Amino acid sequence: MKLWAGRFSKEADQKTNDFNSSISFDSRMYEQDIKGSMAHATMLGSCGIITRADMDAILNGLEGILSDLRSGALPIDPDAEDIHTFIEGELTSRIGDAGKRLHTARSRNDQVALDLRLYLRGECDAVSAQVRELALVLCKKAEMYADAVMPGYTHLQRAQPVTFGHHLMAYAEMLQRDLGRIADAKKRMEVCPLGSGALAATTYPIDRMQSAALLGFPNASQNSLDGVSDRDYCIELASAMAILMMHLSRFSEEIVMWCSWEFKFIELDDAFATGSSIMPQKKNPDIAELVRSKSGRVFGDVMTLLAVMKSLPLAYNKDMQEDKDAIFDAFDTVRLCLTAFIPMIDTMTVLPQNMRRAAAGGFINATDCADYLVGKGLPFRDAYKATGELVARCIREGLTLETLPLEEYRAVCELFDEGVYEAISLEKCVSGRTPLGGPAPENVRAQAARVRALLQKGE
């Protein structure tokens, strides 16, 4: 029987029921729904709104339902309208009229809002744990390859020398910000809407702060209209998931490039690559490619939530049923991607000799050559021009700055001497970049230690 059956003279069309139903996606919130109902029943009993006997019957009945759902003894009815109706109906069938008193001073509107906040609280913790795990893997790899010189790029052109460890720690910094965004959004979400009713609270003498405390919320919503219609937290969290996926997608793009024969900076473990149906030599980075593509799916979830909410008048509207599919998909996609991505990075083989070989080309020590002249007293712009002329000579003659004879250097600028070859050594170029944030190996190790310490403190 529908909860609104008293108002209508006939049953809704089956197609209408199917269209209206949300049980297919909100059934995952059964634990949160039951815990919210237990807190509500406890509050009703302690405030004298229902009897202690009814309160005890409700709590015992809900405990039994929760146990049976967890064990699989109680299957969820796919024909139920939603998880809230299913649990309330099951409770009433088990304990009788006491079960009908559970919904006193409560609407499905504040019930749904509560369940979603409780569910997403757990999802935030689960994703954050995975992000920390990935960041720790990056710290470990960065320390291992703090000295591995590779070309740094701008415009995907070789630019200046860095190390592989330094490159990896750039992603660790991104992940730190992702953790901060999730934590910030979660903090704003920690407001209990229970007691807001349908939109105008209730005339019953309820204790909203008791309900909030029982459920671990530091506060209750301050406006009943906002309490049932706020979905900012869904949009914020979906945005945080989208930014996280953008970072994973950028990383995936580099993994795909680094695996290619044109780069060959890394090789993925066989367990995290696939082959071709026709080309026996192929080893494809499918996981990285799928993560890259699934980022678009999460971006779409953000737009779905914004589009659902953009024109809704206060307070609750049925449109808001669509929030769950989108926010659930965002978290599901991120968790699935991280589950595959973390071990892929952890098990990849790094090929530092190939990185070093690539760094030797492309004149990525040209800035250091110019800085050498600045150290001799030449203004930087003049040093820049002289070095540019040297690079042009090298290109014409098929040489590098390391192999260009000293007389060629001196033909461009008399300030050059034998010391230039040490100054433009790639290892020297990297080790000399010691300012905070630079790629010097000791910086990389210090950065990894700092990030690891923050992660272990849960920050």
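**Figure 1. F363 lies in the loop between α14 (352–360) and α15 (366–375).** The model shown here and in the other figures is predicted. The view is centred on the backbone of F363, where phi is near 55 degrees. That value is positive, and F363 is a residue other than glycine.

**Figure 2. K264 also has a positive phi, near 55 degrees.** The residue is found in the loop that runs between α11 (232–259) and β5 (266–267). Like F363, K264 is a residue other than glycine. Is K264 buried or exposed? With a relative accessible area of 15%, K264 is buried, because the cut-off for buried residues is under 20%.

**Figure 3. A cis peptide bond joins L314 and A315.** Omega of this bond is about 5 degrees. As for the setting, A315 lies in the loop between α12 (286–309) and α13 (322–347).

**Figure 4. Strands β1 and β2 form a hairpin.** Strand β1 covers residues 149–154 and strand β2 covers residues 157–163. The two strands pair in the antiparallel sense, over 6 bridges. Within the pairing, M150 stands opposite V162 in β2. In a regular strand, side chains alternate between the two faces of the sheet. How many residues lie between β1 and β2? There are 2 residues between the strands, and H155 in the turn has a positive phi of about 60 degrees.

**Figure 5. V451 is a buried residue of helix α20.** The helix spans residues 441–456. The relative accessible area of V451 is 0%, so the residue falls under the 20% cut-off for buried residues. Which residues does V451 touch, leaving aside those up to four places away in sequence? The contacts are with C139, M169, E173 and Q176. For C139, the separation along the chain is 312 residues, while the C-alpha atoms of V451 and C139 are separated by 7.4 Å.

**Figure 6. S211 sits in helix α9 and is buried.** Helix α9 is made up of residues 208–214. S211 has a relative accessible area of 2%. Not counting residues up to four places away in sequence, S211 touches A39, M43 and L194. One of these contacts, L194, is 17 residues apart from S211 in sequence. In space, S211 and L194 are 7.2 Å apart, C-alpha to C-alpha.

**Figure 7. S224 is placed in helix α10 (residues 224–229).** Outside the residues up to four places away in sequence, S224 touches S196, L199, A200 and A201. The view also takes in A198, which is 26 residues apart from S224 in sequence. The C-alpha to C-alpha distance between S224 and A198 is 8.3 Å.

**Figure 8. The whole protein chain, given as context for the close-ups, has 20 helices and 6 strands.** The radius of gyration is 30 Å, well over the 23 Å that the globule rule gives for 459 residues, so the chain is more spread out than a compact globule. Along the principal axes, the C-alpha atoms fill a box of roughly 100 × 55 × 40 Å. Buried residues account for 50% of the 459 residues. The accessible surface of the chain is about 21,500 Å², and 54% of that surface belongs to carbon and sulfur atoms. Of the contacts between residues at least 6 apart in sequence, 75% join residues at least 24 apart. The chain carries 51 positive and 64 negative charges. The mean positions of the positive and negative charges are 1 Å apart.

Note on methods. Residues are numbered from 1 along each chain as its sequence is written. This is a predicted model: local features need pLDDT of at least 70, side-chain atom pairs count only at pLDDT 80 or more; totals for chains, interfaces and linings use all residues. Side-chain values use heavy atoms; hydrogens and water are left out. Helices (H or I, at least four residues) and strands (E, at least two) are DSSP runs, numbered from the N terminus. The radius of gyration is taken over C-alpha atoms; the globule rule is 2.2 Å times the number of residues to the power 0.38. Buried means under 20% relative accessible area, exposed over 50%, partly exposed in between (1.4 Å probe, protein chains only). Contact means heavy atoms within 4.5 Å. Accessible areas come from the Shrake-Rupley method with a 1.4 Å probe; for residues, only the protein chains shown count as cover. Lys and Arg count as positive and Asp and Glu as negative; His and the chain ends are not counted. The place of a charge is taken as NZ of Lys, CZ of Arg, CG of Asp or CD of Glu. Two strands pair if DSSP finds at least two bridges between them.
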